[in-house]
Amino acid sequence: MPLELRINWIKCDAHGMCAELFPELIALDEWGYPILDPRPIPPELEAHARRAVAACPTCALALERVPRRPR
Amino acid sequence: MSDPLGVTVGPSVYWYVTRSTGSVALMLLTASVALGVLDVGRIATKRVPRFLIDGAHRSTSLLAVVFLAVHIVTAVLDTFVSITLIDAVVPFVGSYRPFWLGLGAVAFDLLVALVLTSIARRFVGHRTWRATHWLAYACWPIALLHTLGTGSDVKSTWMLAISLACLAVVLVAVCARAIVGWPSRLGLRLAALGGAVVFAGGLALWLPQGPLGHDWAERSGTPAQALGSSPSKERVPVPRQDSASVYSKRPA
């Protein structure tokens, strides 16, 4: 099952560290809130995703294994 | 072979290690407070992004715990004064300068609480973690008082310079923290600034007659047998042949 980033928007406080650490799939909007690339995380980038999750000051970012969505 | 771990008489290696790790831990805690304020102020530049400051804050705090562990273990192993592991964790129960050593135990306990809640932040929850993290502002001044109250190097220029430099850094950091986000929660900010002024002023009044004054070793509660064995009544390191040889008689 692929890994996906999830954001708890209530917790997110626009610190922006996730985008610093994982720019491959996270960008910031003009207020500093993250915009997630909807693609599943490629295995070679998983370590970077984990670093971004660990760095989130408000624990708003999580990594979840999601079952493939039915088409 | 000389005895590098200082079972011989005279100042043991443990005692040198205790003093040095203690002063390094104070500097690490100072750095951690300063980095923490930069972190919460969301200070960042292109070259120094936020995750670097945040990472440095986490790393210096963890490093401080490591140095404090060595500081405590060597203080316990040093047989000149009897300090037990319990004295290092439970405040105010020891026989050697109980109050001032106890402050060190309080500061260590607070730091351990800060680090553990930070490591387990995901389970503790952000709110509880943040509330606990305010203890950092209690931990640092208590650690400084422990340094000044028990430190045998306080009267030397270098240690005084380190202590005052650390104090200056933290005062600037607290002022910066109080100003970031002004004027929401004004009461708390004014209390922080007032607390910083009172602490610094109190130190200025206390230091000259306390640790820098006469007979501090007796007044701070050093046991009589430890006082008697040092002619100057402070534990001044007298470089004696047996301990100096540990360093000087190594083959080049």
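Two residues are in contact here if their C-beta atoms, placed from the backbone, lie within 7 Å. Keep that in mind as you look at this predicted model, because it tells you what counts as a contact in chain A and chain B. In chain A, 63% of the contacts between residues at least 6 apart in sequence join residues at least 24 apart. Let's take the two chains in turn, then see where they touch.

**Chain A**

- Chain A mixes both kinds of element, with 2 helices and 4 strands.
- Start at the N terminus and you'll meet them in the order β-α-β-β-α-β.
- The radius of gyration of chain A is 12 Å, and the globule rule gives 11 Å for 71 residues, so chain A is as compact as a globular protein of that length.
- If you lay the C-alpha trace of chain A along its principal axes, it spans about 35 × 25 × 20 Å.
- How much of chain A is buried? Of its 71 residues, 24% count as buried.

**Chain B**

- Chain B is built from 12 helices and 0 strands.
- Reading from the N terminus, you get α-α-α-α-α-α-α-α-α-α-α-α.
- Chain B has 252 residues, and buried ones make up 33% of them.
- Take the contacts in chain B with a separation of 6 or more: residues 24 or more positions apart account for 60% of these.

**A pair of helices in chain B**

- Have a look at helix α4 (residues 98-119) and helix α6 (residues 126-133) of chain B, whose axes come within 9 Å and cross at roughly 160°.
- Angles over 145 degrees count as roughly antiparallel, and that is why α4(B) is roughly antiparallel to α6(B).
- Is this crossing of α4(B) and α6(B) left-handed or right-handed? It's left-handed.
- On the α4(B) side, the residues that meet α6(B) are Ala113(B), Leu114(B), Thr117(B) and Ser118(B).
- Their partners in α6(B) are Thr128(B), Trp129(B), Thr132(B) and His133(B).
- Sort the residues of this contact by class and you find 3 nonpolar, 5 polar and no charged.

**Where the chains meet**

- Across the two chains, 8 residues of chain B are in contact with 9 residues of chain A.
- Which elements of chain B give two or more residues to the side that touches chain A? They are α2 (50-77) and α5 (121-124) of chain B.
- The largest share of that side comes from α2(B), with 3 residues.
- By class, the side of chain B that touches chain A has 2 nonpolar, 1 polar and 5 charged residues.

How values were computed: Residues are numbered from 1 along each chain as its sequence is written. Chains are lettered from A and ligands numbered from 1 in the order in which they are written. This is a predicted model: local features need pLDDT of at least 70, side-chain atom pairs count only at pLDDT 80 or more; totals for chains, interfaces and linings use all residues. Axes are lines fitted to C-alpha atoms, for helices over the stretch in contact, and angles run from 0 to 180 degrees between N-to-C directions. Angles under 35 degrees count as roughly parallel, over 145 as roughly antiparallel, 65 to 115 as roughly perpendicular and the rest as oblique. A crossing is left-handed if the near helix is turned anticlockwise from the far one by less than a right angle, and right-handed if clockwise. Ala, Val, Leu, Ile, Met, Phe, Trp, Tyr, Cys and Pro count as nonpolar, Asp, Glu, Lys and Arg as charged, and the others, Gly among them, as polar. A residue is buried if 20 or more other C-beta atoms lie within 10 Å of its own, exposed if 12 or fewer, and partly exposed in between; C-beta atoms are placed from the backbone. The radius of gyration is taken over C-alpha atoms; the globule rule is 2.2 Å times the number of residues to the power 0.38.
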